[in-house]
Structures are given as C-alpha cells and as structure tokens.
Amino acid sequence: MSATYLLSITVISIAVLLFLIMALRLQAFIALLLVSMGVAIAAGIPLPEVAGVIQEGMGGTLGYIAIVIGLGTMIGEILQVSGGARQIANTLTRKAGPERAPWALMTLGLIVAIPVFFEVALILFIPLVYSLAKRTGKSLLFYGLPLVAGIAVAHSFIPPTPGPVAVASLLGADLGWVILVGLIAGIPAAILGGIVFGRYIGNRIHTVMPDTAHVKEDADSDRPLPGFALVISIILVPLIMILLNTATKTWLPEGHGFAQLMAFVGHPFTALLVACLLSFYFLGTRMGFSRDEIQRVATRSMEPVGMIILLTGAGGVFGKVLITAGVGDALVDAMAASNLPVVLFAFLIATVVRVSQGSATVSMVTSAGLVAPIVEAGSYSDGVVACVTIAIACGATVLSHVNDSGFWLVKQFMGLTERQTLASWTVLETILGVVGLIVVMVLSTLL
C-alpha cells in the first residue's frame with residue numbers, strides 16, 4: 001500500500017482514538033484495542049493474523065513493563081505508609097528554612113515522585129506548602145509551584161514512573177540512558193519552571209489555603225519515622241544500579257566478565273527487586289510493621305496501577321500494528337521529507353496528542369506507538385533513543401489545560417481560579433516541556 005494511504009490511516013486512527021476517549025468517554029484501553037484492530041484491517045493485515053499481532057504487541061510490552069511498574073509501585077507505597085516520604089519532607093524543609101524552602105520543595109518533589117504517583121505526592125506534601133505560606137505570608141504559588149515542578153519532572157522524565165518506562169519499553173531504550181537524560185533535562189527545567197517562574201508568578205497571584213482543601217496523614221503517628229539517609233539510599237539504590245550497568249556497557253566490551261555481571265545486577269528487574277526487598281525490611285520490619293501488614297501494603301499498592309499496565313500494553317499493541325502494517329517506513333519517509341530531527345518530530349507528535357487528549361501517560365503511550373517504527377527503522381545510538389524518549393515526555397507535559405486531571409488538582413489544592421491556573425500551572429508545564437526539549441535537542445547532537 002502507498003505511503004500516503006498508510007499515513008492517512010495513521011492520522012484517521014489518532015482522530016478516531018481521541019473521539020472515542022474524549023467525546024464518547026470510552027475507556028482508553030478499550031479505545032486503543034478497537035483502533036488497533038481497525039488499523040490492522042484497513043492496512044490489509046490478513047484477518048486470521050490480526051489477533052496474533054495484538055497478542056504479540058501486548059505480550060512483548062507487558063513482559064517488561066508490568067514487572068518494572070509493579071516493583072516501583074510497591075516501593076512507593078511502603079515509602080508512603082512508613083512515613084519515609086514525610087521524613088524527607090521534614091528534613092529538607094527544616095534545613096533549608098523559609099527563604100530556601102522553594103529549592104527544598106523542588107528537590108523533595110524530584111526525589112519522592114520517582115517511586116510515588118503525581119497525585120499521591122501532591123496530596124502528601126501540600127501541607128508543607130500551606131504551612132510555609134501561612135508562616136511567611138507569601139502566596140501558595142511561591143512554594144507550591146516548585147513542589148509540583150519537581151513532582152511533574154519526576155513523573156514524566158525519570159523512571160521507574162509509568163510514563164517514561166512505557167515509552168522506553170516501546171522504543172527499546174536503555175533505561176539507564178533514559179534516567180541519565182531525564183535527570184539532565186529535568187533538573188534545569190524544574191529550576192526554571194519551579195524556582196524562577198514560581199517566584200515570578202507568586203509575586204503576581206496571591207492565594208491562600210482554600211477552604212475546600214482536604215489533607216490526609218500518610219503515616220501512623222505512633223510509629224517512629226525512618227532516617228533520612230536510609231530513605232534516600234533506598235530510593236537511589238535502583239537508579240545507581242541501573243546507571244552502573246549502562247556505564248559498564250559503554251566502557252567495557254560485551255563479553256567482559258564484569259560487564260556480564262552488571263548486565264544482571266543492573267537490569268531494572270534486579271535493581272528494583274533489590275530496592276523493594278530493602279524497603280520491606282528497613283521501612284517495614286525495622287519500623288514495626290508485621291509481615292501481614294507489609295503484605296497488605298504490597299498488595300494494596302497494585303490496585304491503582306492495573307489500568308496503567310493494561311493501557312501501556314494497549315499502546316504496545318498499537319505500535320506493533322503500525323509496524324506490521326508498514327506505517328513505520330511511511331513515517332520514516334515523512335520525517336525525512338520534513339527535514340525535522342527525530343527528537344523534534346517525536347516532541348511535536350506528543351504535543352498534538354497531549355493538547356487534544358489531556359492525560360500525560362496516555363499521550364506518552366500513544367506517541368511512543370507512533371514513533372517506535374521510526375526508531376526501529378533508524379540506526380540511532382542508545383543515547384539518542386533516550387533523547388527521543390524524553391522528547392516524547394516533554395511533548396506530553398506541555399500545555400496542560402482543562403482536559404488534564406493535573407490541572408484541576410493544582411487548581412483545587414492551591415485555591416486558584418481557572419484563569420489563574422492557566423497562568424500558573426499551564427505555563428509551568430509548558431516551561432518544563434520546552435526547556436526539557438531544548439536540552440535533549442542539544443544532547444542528541446552530542447550523542
């Protein structure tokens with residue numbers, strides 16, 4: 001089939017997907033499966049083979065993603081219920097003081113939101129924002145935007161959060177490179193968005209704690225809090241193990257004995273499993289939790305991620321169908337004709353889906369399915385593929401507005417009007433995405 005026909009199918013499939021999710025309110029998992037089937041049939045894949053392609057796409061994606069998200073979620077849950085997250089917050093804000101508190105809150109968001117979901121991290125730490133704003137008389141935005149900037153960057157840029165892990169899996173990116181590029185792009189983005197812009201907009205929009213704000217405690221007050229260094233170490237253990245594996249692969253030949261050892265030790269499965277067991281013991285058993293309580297915490301942690309895992313698998317199905325149908329070659333030709341770098345091309349696709357659909361995770365998964373054929377067809381280095389991964393994350397971050405749940409969460413917790421939320425949160429998200437894109441564009445030319 002012609003490239004024009006295949007690209008037309010792709011454009012129509014995205015439009016149909018957005019219509020099903022936004023207009024008909026169909027669950028995204030079902031919508032992705034329906035659209036994938038439609039694309040397979042329209043592209044001429046023989047009917048008896050359609051189910052096999054779907055199964056291969058789902059299995060190939062979930063074989064990796066389900067384990068990573070599952071282990072990461074367990075670590076995040078035990079971090080929350082043990083009070084480890086609260087200990088990090090207390091230590092950072094106490095040492096920083098009111099004047100440097102925005103830096104502490106940004107750092108807090110970056111660290112804790114790596115294993116903890118965006119919504120949970122915001123609910124956990126918004127009391128700190130309220131306390132600091134009340135004590136100093138400053139706007140909630142002065143402290144709130146640095147916090148949400150750190151959380152948003154960790155949520156979209158740094159594995160093992162579901163979004164970047166899903167994109168890395170669909171693109172075949174090395175997770176160590178993704179962590180490294182995500183940190184390099186995310187830290188300056190959080191500083192410019194959270195600290196610089198947060199101070200600017202905080203001086204222009206003054207808000208106080210809303211009457212409708214509800215805050216829940218994250219830990220049993222009768223139990224002692226784990227030490228700050230211990231909690232930080234457990235969070236950093238899997239990241240360091242994965243990064244060491246990436247460094248070893250770069251510096252040593254593939255057959256080297258130490259490289260083979262690190263390929264096992266530094267694999268995300270091993271690294272996250274080690275961190276999970278450490279968290280169970282040091283944040284669970286040593287903090288007075290019984291084995292039954294730890295088991296309940298681990299089990300409960302999986303309840304909210306089931307749909308995320310299925311959604312990611314459906315994104316893998318969409319990508320597999322596009323590759324099988326030959327859309328990958330057509331997209332490669334289209335990108336070559338446009339003369340756009342692959343990093344910018346990926347960002348633009350993710351931005352269009354993000355603005356249209358709203359959810360950052362759905363935008364990342366959908367965009368990765370479209371970009372995966374381009375990456376597979378090209379001979380890109382691990383570093384460049386990681387840059388493409390973060391470029392998709394950047395595109396799925398910008399221009400958050402009324403169709404994004406994060407927009408309404410920030411509005412509610414910071415006592416903003418819709419216009420004020422657009423002027424603060426939406427601009428912040430756009431700064432994060434654009435700064436991150438600039439960094440990965442530069443990095444991609446060096447890698």
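# Notebook: helices, packing and selected residues

**Entry 1. Leu399.** I began with Leu399, which sits in the loop between α17 and α18. The model I consulted is a predicted one. Leu399 is not a glycine, yet I found a positive phi of about 55° for it. Is Leu399 buried, partly exposed or exposed? Its relative accessibility is 37%, so I recorded Leu399 as partly exposed.

**Entry 2. Arg25.** I next looked up another residue with a positive phi. Arg25, also not a glycine, has a phi of about 60°. I located Arg25 in the loop that joins α1 (3-23) and α2 (28-42). With 66% relative accessibility, Arg25 counts as exposed.

**Entry 3. Helix α17.** I then turned to helix α17, residues 382-395. Its end C-alpha atoms lie 20 Å apart, and this agrees with the 20 Å that its 14 residues should span at 1.5 Å a residue. How many of the 14 residues of α17 are buried? I noted 13 of them, and the helix is thus mostly covered.

I examined the packing of α17 against α19. The angle between the two is about 165° and their axes are 9 Å apart. On that angle, which is over 145 degrees, I entered the pair as roughly antiparallel. Their crossing is left-handed. From α17, the residues that meet α19 are Val384, Cys387, Ile390, Ala391 and Cys394. On the α19 side I listed Gly433, Gly436, Leu437, Val440, Leu443 and Ser444.

**Entry 4. Helix α5.** I looked up α5, a helix of 19 residues that runs from 118 to 136. From first C-alpha to last it reaches 26 Å, close to the 27 Å expected. Where does α5 kink? I placed a kink of about 40° at Phe125, shortly before the proline Pro127.

I found many buried residues in this helix, among them Phe118, Ala121, Leu122, Leu124, Phe125 and Ile126. Further along α5, Leu128, Val129, Tyr130, Leu132 and Ala133 are buried as well. Which helices help to cover the buried residues of α5? The cover includes α3 (47-81), α4 (84-112), α6 (140-157), α18 (405-413) and α19 (418-446). Just after α5, I noted that Gly137 takes a positive phi of about 80°.

**Entry 5. Helix α3 and Val68.** I followed α3 to its packing with helix α13, which spans residues 306-325. The two pack at an angle of about 140°, and their axes are 7 Å apart. I therefore recorded α3 and α13 as oblique to each other. The crossing of α3 past α13 is right-handed. The α3 side of this contact includes Val53, Ile54, Gly57, Met58, Thr61, Leu62 and Ile65. The α13 side includes Ile308, Ile309, Thr312, Gly313, Gly316, Val317 and Lys320.

Within α3 I also inspected Val68. Its relative accessible area is 0%, so Val68 is buried. Leaving aside residues up to four places away in sequence, Val68 touches Pro160, Val165, Pro268, Phe269 and Leu272. One of these contacts joins distant parts of the sequence: Val68 and Pro268 are 200 residues apart, but their C-alpha atoms are 6.8 Å apart in space.

**Entry 6. Helices α13 and α16.** I returned to α13 for its packing with α16, residues 360-377. Here the angle is about 30° and the axes are 8 Å apart. An angle under 35 degrees counts as roughly parallel, and I therefore entered α13 and α16 as roughly parallel to each other. I recorded their crossing as right-handed. Leu311, Thr312, Gly315, Phe318, Gly319, Leu322 and Ile323 of α13 take part. They meet Val362, Val365, Thr366, Gly369, Leu370, Pro373 and Glu376 of α16.

**Entry 7. Ser156.** I located Ser156 in helix α6. Ser156 has a relative accessible area of 4% and is buried. What does Ser156 touch, not counting residues up to four places away in sequence? I listed Pro164, Met364, Ala393 and Thr397.

**Entry 8. Ala247.** Finally, I looked up Ala247, which belongs to helix α9 (residues 228-251). At 18% relative accessibility, Ala247 counts as buried, because the cut-off is under 20%. From Ala247 to Ala259, twelve residues apart in sequence, the C-alpha to C-alpha distance is 9.4 Å.

Methods
Residues are numbered from 1 along each chain as its sequence is written. This is a predicted model: local features need pLDDT of at least 70, side-chain atom pairs count only at pLDDT 80 or more; totals for chains, interfaces and linings use all residues. Side-chain values use heavy atoms; hydrogens and water are left out. Helices (H or I, at least four residues) and strands (E, at least two) are DSSP runs, numbered from the N terminus. The expected span of a helix is 1.5 Å times one less than its number of residues. The bend at a residue is the angle between axes fitted to the seven residues ending there and the seven starting there. Buried means under 20% relative accessible area, exposed over 50%, partly exposed in between (1.4 Å probe, protein chains only). Contact means heavy atoms within 4.5 Å. Axes are lines fitted to C-alpha atoms, for helices over the stretch in contact, and angles run from 0 to 180 degrees between N-to-C directions. Angles under 35 degrees count as roughly parallel, over 145 as roughly antiparallel, 65 to 115 as roughly perpendicular and the rest as oblique. A crossing is left-handed if the near helix is turned anticlockwise from the far one by less than a right angle, and right-handed if clockwise.
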